Amino acid sequence: MADRDLELLEFHKIRDILATYTSFSASQQLALSISPLTDSEQGTHLLTQSAEARRLLSLVPDIGIGEVSDVRSAVRMAARGKVLEPLTLLEIQTTLESARRLRVSVANLADELPLLGDLAGDIVELGHVESNIGRCLGPNGEVMDTASPRLASVRQRMREVRQQLLTQLEAMIRSPRRQKIIQEPIITEREGRFVIPVKVEWRREIKGIVHDVSNTGATLFIEPWATLDMGNEMRELAMEEKHEVERILAALSSEIGAYQEEISISIDVIAEIDLALAKARYARDMRATEPVMGAACGDDTPGAAPDGGVLRLLEARHPLLGRKAVPLSVEIGRDYSTLVITGPNTGGKTVALKTIGLLSLMAGAGLPIPARDDSRIPLFDGVFADIGDEQSIEQTLSTFSWHVGNIVRIINNATGNSLVLLDELGTNTDPSEGSALARAILLHFLSQKTMTVATTHYTELKALAHTTAGLQNASLDIDPHTMSPTYHLTVGIPGGSNALATASRLGLPYDIISNARDMLSRGTEELEQLLTHLMTEQTNVESLRRSLETERNEAAKRNAELADRLRQFDDEKRRIIKESRDRVVRDAAQLQARVREAASELRKERSRESIEQAKKVMAEVREQLSTETWQPGAAPGIDSDETAAGPISVGDTVWLREPGVTATVLSVSEERGLVEVQIGRAKMTLGLDGVDRRAGLEGGRRRRTDATMTGPSRRSASLELDLRGKRAEEVELELEDYLTAASLANLSQVRIIHGYGTGALRQVVREMLRSHPLVRSSRPGGEGEGGDGVTIVTM
């Protein structure tokens, strides 16, 4: 893109605004250097990256890059052998730490943000470099004792020598014999040596080196001979400390220099992520989104292009006007490639032109635009603008000459994949010649299928757009009552210039306006009135369309709400039916358990009290079964024809009358009139008169059951049951199930293992066997059978 066109469309201001949203100098430079691209794939990539950044900002509103600095220059110097200052090393450590945290934060959301996740994955973690700097340097840049054992040793010795020296000097100045020769009882330093202040007249009383004299000459600062060796040692230790610190800083700098490439890559990546976040923050403030990007290209239809070359802006706003911007909607490239915008002066034609051009540049640079997210912008190979007045006195160029020269440049460079913006085409010269020239220029761009938007006041251009395929009129509306501009763009009809009304509104005296109106030809005045009338009608039609669309949307919303409520009612109905059936099944299982417990009590104790209690339980069960809940009813969705007479067999699917559910038969005891069934994971036993066999599944179930049975037995059972370790209440149920299975398996004799123990388990088993209807007789085990630890049962 030419710098002239970018400047005319004020793209540099967008750069400046975006730069204010960045967090450090590297990303700021990226923002200031952004330019429109010519690669559609890369443009789409940047727009998708921007959309991911907006998603990241919504997920983590306070996301940022941390305390990152552009340390690439310092790292480059370290790679060349320069020893870095401690504060610079700390800055590098902070940057590496922030880079590592940013990498982790974005990587955790890589599934939702694949592009940013891949980008963050290129950040190189240098944890050991961070640790080494942190171990060696304090928060203010001081080299700490932990930097090296040698430094720690030297500093420890320095502290010891210093303490000894100060102790000896303190003793000197506190000595009664020397009180009169000491100016002040203090110890100070001169040129790195510890000295005491001595009155000049007593200088010969203390042997030592004079390092300084006071301003008045009354005091000498003397280092006594007695502390000279310690002072020398302190000086040597200080030099040794300095050399060790320099060595440590050089080592850290060398280590950082070794990772110059890795650190530079990380800074580049962080700058790119920060720029994406800057776009997201800009989009949040501007209510901007990423448009769909297509490739600008023409087809064989004059003035038309496929969807890839369609420019569609919906509710687009000029990004530099803020809240004052009036949204415009326009589509170019489907039915026409050239749009001619007319309307009153100060009506917003130039703003509309700049909005289309600037948003196209922003989209091409991968920036979100203030428009609806279903807007579409092709990737142009050039956006060319002829806007404004660039008259040059130095170059002896008139306004017309400058515009013609600029249009020549555009004609020489524009292609079928370009966007051309022409403001007030053909003005600043004779109107008839200017109009003819303007029509010829538009037809030229139409012939090469260049997408073009032009503004004009020429009636001849309005007529050309009306009669020529591939051209279309559009107008900026005015309020028909006040004749003030509304800045609303209407596509399909031309607009009047309304020059007299505009001049009057801006304060031109009435008599001048009246004289001008008298000078107008009657045809011109009638044409202006016709255009004003058309614009009024168009406004009324648009208002009606919006009203109908609002009503349609409200009706669709109500229909959706009703459908949602119906779904909720259906779900609630199914939930209530399911809960009711589950409750019935649970109640049935509880009743069955109570019956079995009562039977067990009868078998264990035949006392009158037990019998009465059992009768009471059975009466309660019968009373509950007689309630409405337990009355048999037809199965939902099952006709009486679907039930079938005949014996019920293992594997059959049956209908349980009381709970109203289907179940699978596990075992049948015709002698006792009982059937054991399974419902899901639950098992229960009930009377044969409480179930109906399903006719639809009888054949298949029966055939499968018969095919798997051998001999008279319909179910297999073990010859023994081991009850050792069981509790009494567990024994009754397990023994009941086992005896039923053994009877169904036609076993003549089985063995019950209960062990010796205390005898309580043996007593429960034998009392239950003594009264059980399936047991003919029972006896203790003999030799070789387990003795008294087992009971042999004859079925």
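These legends go with an overview and a set of close-up views of a predicted model.

**Figure 1. The whole chain, before zooming in.** The predicted model has 22 helices and 24 strands. Of its 795 residues, 42% are buried. Contacts reach a long way along the sequence: among those with a separation of 6 or more, 67% are between residues 24 or more positions apart. A search of the whole structure also turns up 34 salt bridges, and a few of them get their own views below.

**Figure 2. Arg281, a buried arginine without a salt bridge.** Arg281 sits in helix α11, which runs over residues 260-286. What is the nearest side chain of opposite charge to Arg281? That is Asp274, 4.2 Å away. A salt bridge here needs a nitrogen within 4 Å of a carboxyl oxygen, so a gap of 4.2 Å misses the cut-off. The Arg281 side chain does have a polar atom 3.2 Å from the backbone oxygen of Ile63. Leaving out neighbours within four places in sequence, Arg281 is in contact with Tyr21, Ser23, Leu57, Ile63, Gly64 and Asp274.

**Figure 3. Tyr21 and Tyr282, the one aromatic pair.** The structure holds one aromatic pair. It is edge-to-face, because the ring planes of Tyr21 and Tyr282 stand at 80°, with the ring centres 6.1 Å apart. The two tyrosines come from distant parts of the chain, 261 residues apart: Tyr21 is in the loop between α2 (11-19) and α3 (25-32), while Tyr282 is in helix α11. Tyr282 is buried, with a relative accessible area of 4%. Tyr21 also shows up in the previous view, as one of the contacts of Arg281.

**Figure 4. Ser69 and its polar partner.** Look for Ser69 in the loop between α4 (40-59) and α5 (72-79). Its side chain makes a polar contact of 3.2 Å with the side chain of Glu91. Not counting residues up to four places away in sequence, Ser69 touches Phe24, Thr95 and Ile267 as well as Glu91.

**Figure 5. Strand β10, covered on both sides.** Strand β10 spans residues 382-386, and five of its five residues are buried. Which residues point which way from β10? Gly382, Phe384 and Asp386 point one way, Val383 and Ala385 the other, and all are buried. Next to β10 comes its partner strand β11 (residues 418-422), paired in the parallel sense over five bridges. Gly382 has Ser418 of β11 as its bridge partner.

**Figure 6. Glu240 and Arg150, a salt bridge between two helices.** The closest N and O atoms of Glu240 and Arg150 are 1.4 Å apart in this salt bridge. The pair links distant parts of the chain, with Glu240 in helix α10 (residues 228-258) and Arg150 in helix α9 (residues 149-174), 90 residues apart. Glu240 counts as partly exposed at 26% relative accessibility, and Arg150 also counts as partly exposed, at 42%. Another set of charged residues worth finding is the salt-bridge network that links Asp145, Arg155, Arg159 and Glu241.

**Figure 7. Arg372 and Asp374, a salt bridge between partly exposed residues.** The side chains of Arg372 and Asp374 meet in a salt bridge of 2.8 Å, N to O. Arg372 is partly exposed at 35% relative accessibility. Asp374 is partly exposed too, at 32%.

**Figure 8. Arg766 and Asp788, a salt bridge from helix to loop.** The closest N and O atoms of this salt bridge are 2.9 Å apart. Arg766 lies in helix α22 (residues 760-770) and Asp788 in the loop between β23 (777-780) and β24 (790-794), so the bridge ties together parts that are 22 residues apart in sequence. Is each end buried or partly exposed? Arg766 is buried, with a relative accessible area of 16%, whereas Asp788 counts as partly exposed at 31%.

**Figure 9. Leu723, a buried loop residue.** Leu723 lies in the loop between β21 (720-722) and α21 (728-744). It counts as buried, at 0% relative accessibility. Leaving aside neighbours within four places in sequence, the contacts of Leu723 are Val731, Glu734, Ile752, Ile753, Leu761 and Val765. Leu723 and Glu734 are eleven residues apart in sequence, and their C-alpha atoms are 8.4 Å apart in space.

Methods
Residues are numbered from 1 along each chain as its sequence is written. This is a predicted model: local features need pLDDT of at least 70, side-chain atom pairs count only at pLDDT 80 or more; totals for chains, interfaces and linings use all residues. Side-chain values use heavy atoms; hydrogens and water are left out. Helices (H or I, at least four residues) and strands (E, at least two) are DSSP runs, numbered from the N terminus. Buried means under 20% relative accessible area, exposed over 50%, partly exposed in between (1.4 Å probe, protein chains only). Lys and Arg count as positive and Asp and Glu as negative; His and the chain ends are not counted. A polar contact is a pair of N or O atoms within 3.5 Å; within protein, one must be able to donate a hydrogen and the other to accept it, and residues adjacent in sequence count only if both atoms are side-chain atoms. Contact means heavy atoms within 4.5 Å. Two strands pair if DSSP finds at least two bridges between them. Rings of Phe, Tyr and Trp (its six-membered ring) pair if their centres lie within 6.5 Å; planes under 30 degrees apart count as stacked, over 60 as edge-to-face and the rest as tilted.
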